[in-house]
Amino acid sequence: MTKPKTLLDKIWKRHEITINPAGQSLLFIDRHFCHELSFHAFNMLEKRKMKVRHPSRTIAVADHYTPTTGEDARDFKSLDRFKLYNTLKNNALEHNLNFLGLGDQRRGIIHVIGPEQGFSLPGTTIVCGDSHTATHGALGALAFGIGASDVSHVLATQTLWQPKPKKMRVIVKGFRPAYVSAKDIALSIIRHIGAAGGTGHVIEYAGPVISSLSIEERLTVCNMSIEAGARAGMIAPDETTYKWIEGRPHAPKNDNWKEALSAWTLLKTDEGAIFDKEYEIDGQLITPMVTWGTSPEDALPITGLVPDPLEETNAEKRANLKRKLEYMELKPGTSLTDITVDRVFIGSCTNSRIEDLREAAAVAKGRAACVHSIVVPGSGLIKKQAEIEGLDKIFIEAGFDWRPAAGCSMCVGVNGDLVSPKERCVSTSNRNFRGRQGPDARTHLTGPAMAAAAAVTGKLTDVRSLQRN
Amino acid sequence: MVPFKTLKALAAPLNQDNIDTDQILPARFLMMPRDQKYRTYLFRDLREDNNGLQTPDFFLNQKKFSKAQIIVAGRNFGCGSSREGAVFTLVDSGFRSVIAPSFGDIFYNNSFNNGLLPIVLPESLVKELQQFLINEAAPEITIDLESEQIFCEATSWVKFDIDPHRRERLLKGLDMVDYTQQFGEAINRYERDCLVDKKWL
C-alpha cells in the first residue's frame, strides 16, 4: 500500500523535475504573474541577455501603481508612476507576454483576475513577485510569493528551486454563525496560530466550515495565509471549485475540460496523511473581528477591549505592546466599539470581489457614510458586475467614493491612494503594519460588512448591531 | 554575487519581533531604481520621525552601531511583503548577515540570492547575544559559514544549521540561473514527457 499523501505532496510530486544532492526540488512553474514592480527582474534578465522561456505562461498585469479614478494616462497621480506602468508594458511587449493594461476590462488586481480569468487552476504551481500569491491556493493550487531574483529565474527557466515546506492543516469545524465573514475566519486563524505560526509551512484549510465557503470566500482565507507566516495556503478543489471555474476564458474546454476534471478529482489529502502541525478551530466561536495593533495577529472579536500592557507579565512583551498602542494612539481597556475612525477602505486582493461588494453594499444601503470611504473593485469585470447589480448606486447614494478603476489602491498606497499621517483607517486589506497605508497611518483590518458599518457610524462597529428587521 | 565565507564584524541588536519588510523598505521607495541612494531607504520610518529628524533610540542612529554589518533581530524578521528591495537596501548598507529566532520565508529565501546570510538561532541565545551587544563598547561577532558556527565572547562558539544547498550558494557566490542551466536536459525532459498529459493547462 502506498503512503497516504497530502494535497501538497501530490502537487509537489507532479512538478518535481529533479532533486539536487542537497535535497532541494527543482519545480516546474505552470503559471506566473508580473506587475509593475517586476522591473528589477526584467533588468536582471536583460543583463544576461536572456529571453523568457515560456511567454504564454506569464501574464503581466498593472495593478500596484494604477490610478483608481479612471483608466486614462492622465489619471496617474504622478509621471513616475505612469513611467513604471509603461516599463511593464514595454517589457511585456518585448518578451511577448500576455499583458492586461489600462482600459482592458479584464485588468485588475493579479490575485483577483488570475482566478477570474481561469488562468489559475487546480493542481498547478503559481508564483508571482507578491506575497499574496497564496490567494490562488483557494482553487487547489500551490501558489506562493517570490522575490525579484526568483522572478527572473522563473522568466528564464520556468522553474524554481525549493526545499520541501512543512505541512500544516487548519480544520475549521462546526458551522459559521451569521454575520461572520471569511475575513473573520482568517483573522481568527492568525490570532490563534500567530503571525509566525505558519513559518516554513504550507497550510491546507479543511473542515466543514471551509468546504461550505464560496470560492470568493476561500480566496480571502488563502490570501491571508502569508499573514500567518505561511508561504502558501490551499484548499482541496471540489464541486464548488469546478462549477466556479467552468466557462472562464482560460479554463479548459470540451475534452480538455473532462480530462482536467478527472485529474482534479484526485487532488485531495488521503485519509491518514500526516501533517507536521494540525490545528482545529471551532467555527461556532468565531465572531466579527477587528485588529487593534500593528500585526495581523493583533486581532480581537469586535466586542473586545484594547489590551492592557499592565496585564502583561513579560517585560519585553509589555514594552512591545506599549509601543503598538502608542503608534495606534489607543488607551488600554477602551471598548473597541468606542474607537472613532477617519476613513474607510473597501478593496484589495483580500476583499474586493463581487461578494465583498455585495456584503458592504447591504450595510451601506439607505445609510450615509460619515467619514471618507472609498470602494475599489478588484477588477474591471467586477466593477461591471457591481454596476449591473446597482451596487455602485447604493454606494454613491450612501456617500461612499465609488472608484471606477480597479487596483491595489489604499492597501499599500503606492498609487497615491494614501491614508494621511495619524489618520485611522478601517480597511478590508491584509496588513496593519506601521506605515503600511502611508507614513504614520493607523490601520484596523476588518471584513467588508464591518468596514461599511464603520463608514456609516464613524467608529469601529459590530455589524450585528446594525441588523435590520 | 560576492561569496560569503567568514565574517568578523560589528553587530547591532534590533530587539523587536515581526520587523516586516515594510519597515525595512517603506513602500514609497519600491519604485526607485537600485542606485547609490538605495541604502538610504533602509528602515527610513524607524530612523526618522515625521519631520525628518533622527530618532535617537533607533539602533542604527546610535554611534556605536553605525558601522554594523550584522543585525541580531527578534522573531519573524522580514515577514510580510515579498519585496526583494528589503534585502537590496540591507546589502547596499553593508549588512552581510541577520541573526534571528525566525524569519519571514520569502525574505529568508531572497537573502541567499544577494549574499546576505540569515542565521536562525534559538530565541534564548539571540537574547543573550543582544544583551552582549548592548553591554559591550564595540561588540563583534565572527561568523564562519563553512563550519556553520558563530563566535562572540559572550557565547563562545555556537553551531547553527543551514540547508547545504543554500550554504554552498553563499560560499561560492553561486548564481541560481547559471546553476539551473546545468539541469537543462532534465527540464527539457520534463517538458517533453510530463506536460503532454496536461493539455488542459
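What follows walks through the overall build of chain A, one of its strands with its neighbours, and a sheet in chain B.

The model is predicted, so local features are reported only at pLDDT of at least 70 and side-chain atom pairs only at pLDDT 80 or more, while totals for chains, interfaces and linings use all residues. Residues are numbered from 1 along each chain as its sequence is written, with chains lettered from A and ligands numbered from 1 in the order in which they are written.

Chain A holds 15 helices and 19 strands; both are DSSP runs numbered from the N terminus, helices being H or I with at least four residues and strands E with at least two. Its C-alpha trace spans about 55 × 55 × 45 Å along the principal axes. The radius of gyration, taken over C-alpha atoms, is 22 Å for chain A, which agrees with the value near 23 Å for a compact globule of 469 residues (the rule being 2.2 Å times the number of residues to the power 0.38). Of those 469 residues, 60% are buried, meaning that 20 or more other C-beta atoms, placed from the backbone, lie within 10 Å of a residue's own (12 or fewer counts as exposed, in between as partly exposed). Among chain A contacts (C-beta atoms within 7 Å, again placed from the backbone) with a separation of 6 or more, 77% link residues 24 or more positions apart.

Zooming in on strand β15(A), residues 343–346, A:R343 and A:F345 point one way and A:V344 and A:I346 the other, and all are buried. In a regular strand, side chains alternate between the two faces of the sheet. β15(A) pairs in parallel with β16(A), residues 372–375, over 4 bridges; pairing takes at least two DSSP bridges between two strands. Here A:I346 has A:V375 as its bridge partner. The chain gets from β15(A) to β16(A) through helix α12(A), residues 354–364, in a right-handed β-α-β crossover, i.e. clockwise from the first strand over the helix to the second, with the strands pointing away from the viewer. β15(A) also runs parallel to β18(A), residues 424–427, joined by 3 bridges, with A:V344 opposite A:V426.

Over in chain B, 7 strands form an open sheet of mixed pairing, ordered β4-β3-β2-β1-β5-β6-β7. β4 (117–120) and β7 (156–159) of chain B each have a single partner strand, so one side of each lacks a neighbour in the sheet. The twist averages 30° from one strand to the next, with axes fitted to C-alpha atoms (for helices, over the stretch in contact) and angles running from 0 to 180 degrees between N-to-C directions. Strands β1(B), residues 6–14, and β2(B), residues 70–73, run parallel with 4 bridges, and B:P13 sits opposite B:V72.

Note on methods:
Contact = placed C-beta atoms within 7 Å.
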